[in-house]
Amino acid sequence: MDGIDPTQEVPVTVPVTALAANYAPLPIEITAAEGCWVTDTAGRRYLDCLAGYSALNFGHRHPDLIAAAHRQLDRLTLTSRALQHDLLEPFAEAITVLTHTEMFLPMNTGAEAVETAIKAARKWGYEVKGVPADQATIVVAAGAFHGRTTTIVSMSTDPEARTGFGPYAPGFRVVPYDDAAAVAEAIDDTTVAVLVEPVQGESGVIIPSTGYLPELRRLCTQAGALLLLDEIQSGLGRTGATLAQDLAGVEADLTMLGKALGGGILPSSGVIGRADVLGVLTPGTHGSTFGGNPMACAVGLAVTELLATGEYQERARTLHPILAGRAGELAEAGLVGEVRCLGLWLGVDVAHRSGREVSERMATHGVIAKETHGNTIRLAPPLTITEAELHQVMDALAQAVR
Ligand SMILES: *Cc1c(COP(=O)(O)O)cnc(C)c1O
């Protein structure tokens, strides 16, 4: 027989890229960006409604943030925490004043901020609450996204994020999201904290019922456990408030920030919250080479100044009816399934096409949006988007789902 000899070994084809394939990006190569717009190699322009997963809440290259970064670049970029620098205290002061909290611990990525909160909560549990050594438990929610470290994927219920990365870290109890009764049942004497997102972003903008966060607050206070809120995606203006917990009238014991804290310029994250809780972390017990570096502090200070005006939160509130209204029209027309919208943050379940197909079709209409968890399209445009641009976005979504 001519042709392929099945006994012959087929040479392994080496992929023609040096880049690990841990993402499946849209086939759009960006070369420049300004405000809400990105430009690709072919010179096509797109409205960026992914906005770096909300790291670009203030748009690309916001002039105040770029100016702050430039000034700092010309002066001092890195000291490490072994030395002091003149922006660390002012940044800690500004971010805690903005968020009405007591203390700030700077890190770099979101996952590191979550790890920091877990470590602080456990140490607080042993030293203050009196939990027996190594017995601390943390109650977490199914469907959550808190990052990609080995400890964090241990509490994930997403098979893609989790499978193949064991052995898993113990100490987490997973209960359904938006189910305060399940949290109450999971709490016992070993529980040092309840950790949730006020809105589940990666899960597709899942907004819990109104009473959920206040009830978690009540349960934690009653049980002597800490309420840890991951606001890495929901925080810093996205929902129309500085923190999503503000909308629920709830104060977490520790809150994790990230993404937009770096102004779309650099990775910057941290934990804000109670001084007596973060205070258990003494010199040598936790740290980071780059956490709180001068560049991150300079940009972070400029970010807090933008948010202190209230303008961006206000924009999210003012533009919300357009986003929610236009999405509601698509749902009424049967073109999309469930619509979930808070501030300038929208999750819609698409029905007739895959999420991937819808995001590819939106790109041909000049809008970048990425599907999350299969069939949900999430829109999180920069908070600087104009009313006309937002209509353009919703026109593109309407075209793409038709
Ligand atoms: C993005 C995100 C993280 C992880 O942030 P990284 O900077 O990617 O490590 C954690 N929690 C939430 C809610 C997020 O959206």
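Here are legends for a few close-up views of this predicted model.

**View 1. Helix 3, residues 88-99, from end to end.** Let's start with helix 3, which has 12 residues. From first C-alpha to last, helix 3 reaches 17 Å, close to the 16 Å expected at 1.5 Å a residue. Look just past the end of helix 3 and you'll find His100, with a positive phi of about 55°.

**View 2. The buried residues of helix 3 and what they pack against.** Buried in this helix are Leu88, Phe91, Ala92, Ala94, Ile95, Thr96, Leu98 and Thr99. An α-helix has 3.6 residues a turn, so residues three or four places apart point the same way. The buried residues of helix 3 pack against three strands and a helix: strand 4 (103-107), strand 9 (254-257), strand 10 (269-273) and helix 11 (294-308).

**View 3. An open sheet of seven strands.** Read across the sheet and the strand order is 4-10-9-8-7-5-6, with mixed pairing. Strand 4 sits at one edge and strand 6 (172-175) at the other; each has a single partner strand, so one side of each is left without a neighbour in the sheet. From one strand to the next, the twist averages 20°.

**View 4. Strand 4 beside strand 10, with helix 3 packed on the sheet.** Strands 4 and 10 run antiparallel and are joined by five bridges. Here Met103 stands opposite Gly273 of strand 10. Helix 3 packs on the sheet, where it touches strand 4, strand 9 and strand 10. The direction of helix 3 makes about 120° with that of strand 4.

**View 5. The residues around the ligand.** The ligand's surroundings are made up of Thr109, Gly110, Ala111, Phe145, His146, Gly147, Glu197, Asp230, Ile232, Gln233 and Lys259. Three of these are worth zooming in on:

- Gly110 puts a backbone N or O atom 2.8 Å from an oxygen atom of the ligand.
- Gln233 has a polar side-chain atom 2.7 Å from an oxygen atom of the ligand.
- Lys259 also uses its side chain, with a polar atom 2.6 Å from an oxygen atom of the ligand.

**View 6. Helix 14, residues 387-401.** How far apart are the end C-alpha atoms of helix 14? They are 21 Å apart, which agrees with the 21 Å that its 15 residues should span at 1.5 Å a residue. The buried residues of helix 14 are Glu389, Leu390, Val393, Met394, Ala396, Leu397, Ala398, Ala400 and Val401.

How values were computed
Residues are numbered from 1 along each chain as its sequence is written. This is a predicted model: local features need pLDDT of at least 70, side-chain atom pairs count only at pLDDT 80 or more; totals for chains, interfaces and linings use all residues. Side-chain values use heavy atoms; hydrogens and water are left out. Helices (H or I, at least four residues) and strands (E, at least two) are DSSP runs, numbered from the N terminus. The expected span of a helix is 1.5 Å times one less than its number of residues. Buried means under 20% relative accessible area, exposed over 50%, partly exposed in between (1.4 Å probe, protein chains only). Contact means heavy atoms within 4.5 Å. Two strands pair if DSSP finds at least two bridges between them. Axes are lines fitted to C-alpha atoms, for helices over the stretch in contact, and angles run from 0 to 180 degrees between N-to-C directions. A residue is near a molecule or strand if one of its heavy atoms lies within 4 Å of it. A polar contact is a pair of N or O atoms within 3.5 Å; within protein, one must be able to donate a hydrogen and the other to accept it, and residues adjacent in sequence count only if both atoms are side-chain atoms.
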